[in-house]
Amino acid sequence: GGFHVPGGFIVKASAFDEFASSCSLFENLDDFGNDIDGAISMIISKIDSTPTPDWLRESVLTFLNSIVSDPLLPNPLFAVRSSGVTEDLEEASFAGMNDTFLNVHADCNAVCEAIRNCWKSLFGKRSVVYRIENGYPAYLTSIAVVVQVMIPSESSGVIFTADAQSGSRGIISLDGVQGLGE
């Protein structure tokens with residue numbers, strides 16, 4: 001379409017799933033019964049105490065090196081955005097439930113930390129409670145993360161290329177705001 005899309009990459013949900021498996025993230029959840037705060041605390045603690053996998057660090061570093069070597073992008077900053085696998089459904093909308101981190105420096109540690117923070121946000125109390133209230137598994141879910149060069153914008157928005165009510169591809173919906181759209 002001729003649009004200039006900033007460079008970036010996606011940390012797939014399968015990467016989160018592999019990480020979750022490596023640290024037994026969902027093990028012992030039954031021990032907490034209805035104690036949502038306890039289960040969330042345990043999950044966050046496991047994410048915090050498990051090192052970022054080498055394969056993820058290497059991938060992030062490869063991407064960052066390709067971006068920072070571009071003379072047209074001196075000192076780029078990044079947007080690190082959560083993308084839940086059940087974000088936009090017919091019967092529920094999880095959009096905005098998980099965290100996004102803006103103006104992340106082009107540093108492997110900073111980007112990896114933002115990715116991990118996106119993963120942790122999947123288990124924020126409002127996200128967990130929303131899943132429970134809407135009949136979805138409280139904890140057994142996944143998340144992808146979009147890492148993209150930041151654009152210093154005067155306005156930001158979201159565009160849907162299909163009508164949210166009818167699914168028609170003949171209707172496009174655009175919502176915009178001044179600033180970064182935080």
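**Exercise 1.** In this predicted model, which residue of strand 4 stands opposite Ile 10, and how many bridges join strand 1 to strand 4?

*Solution.* Begin with the residue pair: Ile 10 has Val 146 of strand 4 standing opposite. Then turn to the strands as a whole, where strand 1 (residues 8–11) and strand 4 run antiparallel and are joined by four bridges.

**Exercise 2.** Determine how strand 2 is paired with strand 4, and decide whether strand 4 is largely enclosed or not.

*Solution.* Strand 2 (residues 77–84) also runs antiparallel to strand 4, and seven bridges join the two. One residue pair to look up in the structure is Val 80, whose bridge partner in strand 4 is Val 147. As for burial, which here requires under 20% relative accessible area, five of the seven residues of strand 4 (residues 143–149) are buried, so this strand is largely enclosed by the rest of the structure.

**Exercise 3.** Describe the geometry of helix 2 and helix 5, and then work out which residues make their contact.

*Solution.* The axes of helix 2 (residues 36–49) and helix 5 (residues 125–133) come within 11 Å, and they cross at roughly 125°. Helix 2 is therefore oblique to helix 5, since the range from 65 to 115 degrees is the one that counts as roughly perpendicular and angles over 145 count as roughly antiparallel. The handedness of this crossing is right-handed. On the side of helix 2, the contact involves Ile 36, Asp 37 and Ile 40, which meet Lys 125, Val 128, Val 129 and Ile 132 of helix 5. Sorted by character, the residues of this contact comprise five nonpolar and two charged ones, with no polar residue.

Definitions and conventions
Residues are numbered from 1 along each chain as its sequence is written. This is a predicted model: local features need pLDDT of at least 70, side-chain atom pairs count only at pLDDT 80 or more; totals for chains, interfaces and linings use all residues. Side-chain values use heavy atoms; hydrogens and water are left out. Axes are lines fitted to C-alpha atoms, for helices over the stretch in contact, and angles run from 0 to 180 degrees between N-to-C directions. Angles under 35 degrees count as roughly parallel, over 145 as roughly antiparallel, 65 to 115 as roughly perpendicular and the rest as oblique. A crossing is left-handed if the near helix is turned anticlockwise from the far one by less than a right angle, and right-handed if clockwise. Contact means heavy atoms within 4.5 Å. Ala, Val, Leu, Ile, Met, Phe, Trp, Tyr, Cys and Pro count as nonpolar, Asp, Glu, Lys and Arg as charged, and the others, Gly among them, as polar. Buried means under 20% relative accessible area, exposed over 50%, partly exposed in between (1.4 Å probe, protein chains only). Two strands pair if DSSP finds at least two bridges between them.
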